[in-house]
Amino acid sequence: MILDQKHLRFQKLCRQFAETEFTKELLDRLEETGDFDWDIFKKMSKYGFCGVKIPKEYGGAGGDYLSYAILVEEFARVSPVLSIYANTSNSLGGGPLMLAGTEEQKQKYLPPVARGEEIMVFALTEPGAGSDAGGTTTRAEEQEDGSFILNGRKTFISGAPMADNCIVFAKTDPSQKGSRGIGMFVLDMHLPGVSLGKPEHKMGIKGYPTCDVIMEDVHVPKDALVGQKDKGFGYAMKTLDGGRLGMAAQGVGIAQGCLEESIKYAKERKQFGRPIANFQAISFMLADMATETEAARQLVYHAAELKDAGKDAGMACSIAKYYAAEAANHVAYKAVQIHGGYGYISDYKVERFYRDARIVPIYEGTSQVQQMVISGMLLK
Amino acid sequence: MKIYVCVKQVPDTSGVVAVNPDGTMNRAKMPTIINPDDLNAMEAALQLKESEGATVVAVSMGPPQAGEMMRELLAMGADEAVLISGREFGGSDTFATSQIIAGGIHHMGIGKEDLVLCGRQAIDGDTAQVGPQIAEKLHLPQVTYATEIKKDGDTYTVKRALEDGYMTIQVKSPCLITCIKELNEPRYMSVEGVFEADEKPLTILDYEALKDERLIETDTIGLNGSPTNIFRSFNPPVKGQGEMLQGTEKEMAAALAEKLSAKHVI
Amino acid sequence: MAEFNSSMIEDFSDIWVFCEQRDGKLMPTDFELISEGRKLADQRGSKLIGLLLGDNVTELAKELGGYGADKVIVCEDPALAVYTNEAYTNVVCDMVMERKPEVLLIGASNIGRDLGPRCAARLHTGLTADCTHLDIDMNTYVDFLDKNSNVDVASTTFKMEDVNMKMTRPAFGGHLMATIICPRFRPCMATVRPGVLKKADFDQAKADACEIEVVKPEINAADIHEKVLEVVKEAKEAVDLIGADVVVSIGNGASKDVETAKKLAQDLADALGGGVVGASRALVDAGLMDADRQVGQTGKTVHPKVYVALGISGAIQHKAGMDHSELIIAVNKNENEPIFEVADYGLVGDLFKIVPEMIEAIKAQ
């Protein structure tokens, strides 16, 4: 795909911002403390990154899926974790409301999220329901006045410690089996009965805390329900479609970052009296890395293009996510290999990329779930 | 209030420089950027727009390819962009360039409340001449090397950097101020600005549009009309590589000290 | 006033130097320019005249004679005590229009670069900025090219009778040198980079012989729209990069601990006999070092006896500011950095480890 001027301009903006603002000092601090950095988040918000894909009437910039993919790719190329900062509002945070929210709900929740004044996160996974989201056990009991009482535990919820609101999926009708009878709610995180687990110690993506969200008799009003009370699972899957595109773009960004670091290093590093780039074993690795990265990028851009054209993009998103996530790991592996011992030391960017890459084939649908989706569509 | 911001697209000389066989710079092969000091001027204009209300007009002279740069300035927050572009203008030196840009601004009109902001100098020539020469052609008072600009009604109080300090100067609008990097931290384009830039007005002023402009003497513009000409350009001779000292840190330091001593440097 | 037409080039004669004073004191560049102007006047067979504007500055004029000025025209007026663009432009242009010099040189200080272009635009002539070398006589120019360029002088034809001033300056951030001429208009104007041209020895006899002409210029208050509220000298320690015998500069390699690197650099400069600490553009742009310490195309040009580059990659714009140093020592982690191309001695390694060893070894000698 050939990007038009507008998207090239947007790519330039994202790249400029990431290269200038994501300083080594900031990235080291995120890595060391694991804490959310409000300053960089506020700066991203100020420039409008949190609202790229949110429509103008809800306070966003009204950008398309392609812009969203470019944003995540360019941020991840410098810092995978900071690409999440700008990603959430545009995908899993804002997505469900754009999909199924009433006009009132959209007006209430989206503008502050688009402007980065509030953080909205997404809670589907449970201790016993990961890839099998149909196994949701969190309960939402409808009261006579139409309000709900929520009980249950959501796990690995990225961004929960900072969140003002959280999209929660809960069983509204336990009589229905599997993915049926699940409702989607906006949970105000400040309500009584909501508590947080301890932040997890993660392998990578440090600086965007993840923890459990526990709900004990949380009373939410009627208008906390988004969409129809038994169609939540469908909304979740549709939202994840878009989310997948973002995470695929994150994979592309990580691969691109690894490739660039490796080219630079291979030209500088001398062994046996010449730059290691002159050895075919290294240069061919670079060629493989570039090929996989570019293939992944084209899959992502193509899927985005389909979504922007209003075409069915479910399969394309899964293919892109599957391929880009795996490619990011292949490329990161080779990047560390090219760096040799230095690649194993945290002073070098590829060490961090390597760890960050590992989550991409896991979250927002594992590679195996993508294989199921793809094969399911092939064989239906 | 209208603020004209004069901007130049320049080759990025901080990276790898492409050179033609004849030793001149191959501009076509080099990435282009918005001249850094000009971004400070743009930022100053946008800050004034935010605090005082103003229409910000980005003005540049350059080839048609500079159009995308103009879109970037619109994406930063400029309200209008004007690109002065024509074969007849190509190869102009600073004298010629400044009368063309001054002509363009005069053509658009400069009122009592208006302001012209420029970067101090462009990194491809480092001359710092176009700003003051535009001011002269437009009969505007000028302040160069601005590190602080304060507006109070029609009065601007400007801190002007000197090598050994600064001076504070007061001028009234309309006037021209050239800006340096100490003035401010230029913003990026905004996400919204990027998406909206294509809808904002970008005007091209060509030779036909400006040839009757009284500030422009058609015989002193372009490569042939410019008062100054390149007599010759050349590469400085390459100095031969010296000696790389070997060994541990201690050994290298000792070897160096010995050599410096032998040369009576120490 | 006589009719002024910048294209009647045969009407113009003499070499003029605008001599800048601040606070009633001449600037060092004035002496460099007068010294250089002397050579040009000799090449052209014309007079060298200094032009000095100020209030009660006549007594400064004789000193300019000591460096080679035949005559100094002093424009005295209280309105000229402190530089303002309008008053100075008016007076300089009026003098030029009346007397018609062939050449006008101005120091490329922040003030010279404010004044020069404005005057050139009013006088309808060309101006070449930030020159580092000037010739009028073609023989001396050819000789300069022979020594300082890759031009094969022997196989190139030159028009030996050409008497246009040839103004040479770095172009494109120092990647290229360009010689500029202004053949159709006079005066031929140049601003000249401070610290590049060499000052001649002071000669008291010449100073005594120098003719002084005091002029009372016409300054109309209505023409002056700018008001100088104050002139402040910053209290910060003056960094004399240009005049230093030893300059030790730090670059990106120092960014992880600039304070320590700065101290090491100063200690090394002291061990080498005393000098000052400079910086690359990267550190200045990052706000880690003051701009007045920047060496390079957009900073200062230095030619010390010893230049040490610590953790500086040696981008061409840095080299443009230091490659005329008499002896260059470079320390860098990466042996492939271009700084080693201009270094007399290269040391590969971490500056934080090597510099203490250097200081010790030098002290031991």
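**Close-up 1. Helix 2 of chain B is mostly covered.** Here we're zoomed in on residues 67-76 of chain B, where 8 of the 10 residues are buried. Keep in mind that this is a predicted model. If you want to find the buried ones yourself, go through Met69(B), Met70(B), Arg71(B) and Glu72(B), then carry on with Leu73(B), Leu74(B), Ala75(B) and Met76(B).

**Close-up 2. Gly77(B) comes right after helix 2 of chain B.** Slide along to where the helix stops and you'll meet this glycine. Check its backbone angles: phi is positive for Gly77(B), near 140 degrees.

**Close-up 3. Chain B as a whole.** Let's step back for a moment. Chain B has 266 residues, and 52% of them are buried. Its secondary structure adds up to 8 helices and 13 strands. Measure out a box along the principal axes, and the C-alpha atoms of chain B fill roughly 70 × 45 × 40 Å. Now take the contacts in chain B with a separation of 6 or more: 69% of them link residues 24 or more positions apart.

**Close-up 4. Met160(C) sits in a loop of chain C.** Look between helix 5 (138-148) and strand 9 (166-171) of chain C, and there's our methionine. Is Met160(C) buried or exposed? Met160(C) counts as exposed, because just 10 C-beta neighbours lie inside 10 Å, and the cut-off for exposed is 12 or fewer.

**Close-up 5. Met160(C) and Gly243(C) in one view.** Along the chain, these two are 83 residues apart. In space, 36 Å separates the C-alpha atom of Met160(C) from that of Gly243(C).

Technical notes: Residues are numbered from 1 along each chain as its sequence is written. Chains are lettered from A and ligands numbered from 1 in the order in which they are written. This is a predicted model: local features need pLDDT of at least 70, side-chain atom pairs count only at pLDDT 80 or more; totals for chains, interfaces and linings use all residues. Helices (H or I, at least four residues) and strands (E, at least two) are DSSP runs, numbered from the N terminus. A residue is buried if 20 or more other C-beta atoms lie within 10 Å of its own, exposed if 12 or fewer, and partly exposed in between; C-beta atoms are placed from the backbone. Two residues are in contact if their C-beta atoms, placed from the backbone, lie within 7 Å.
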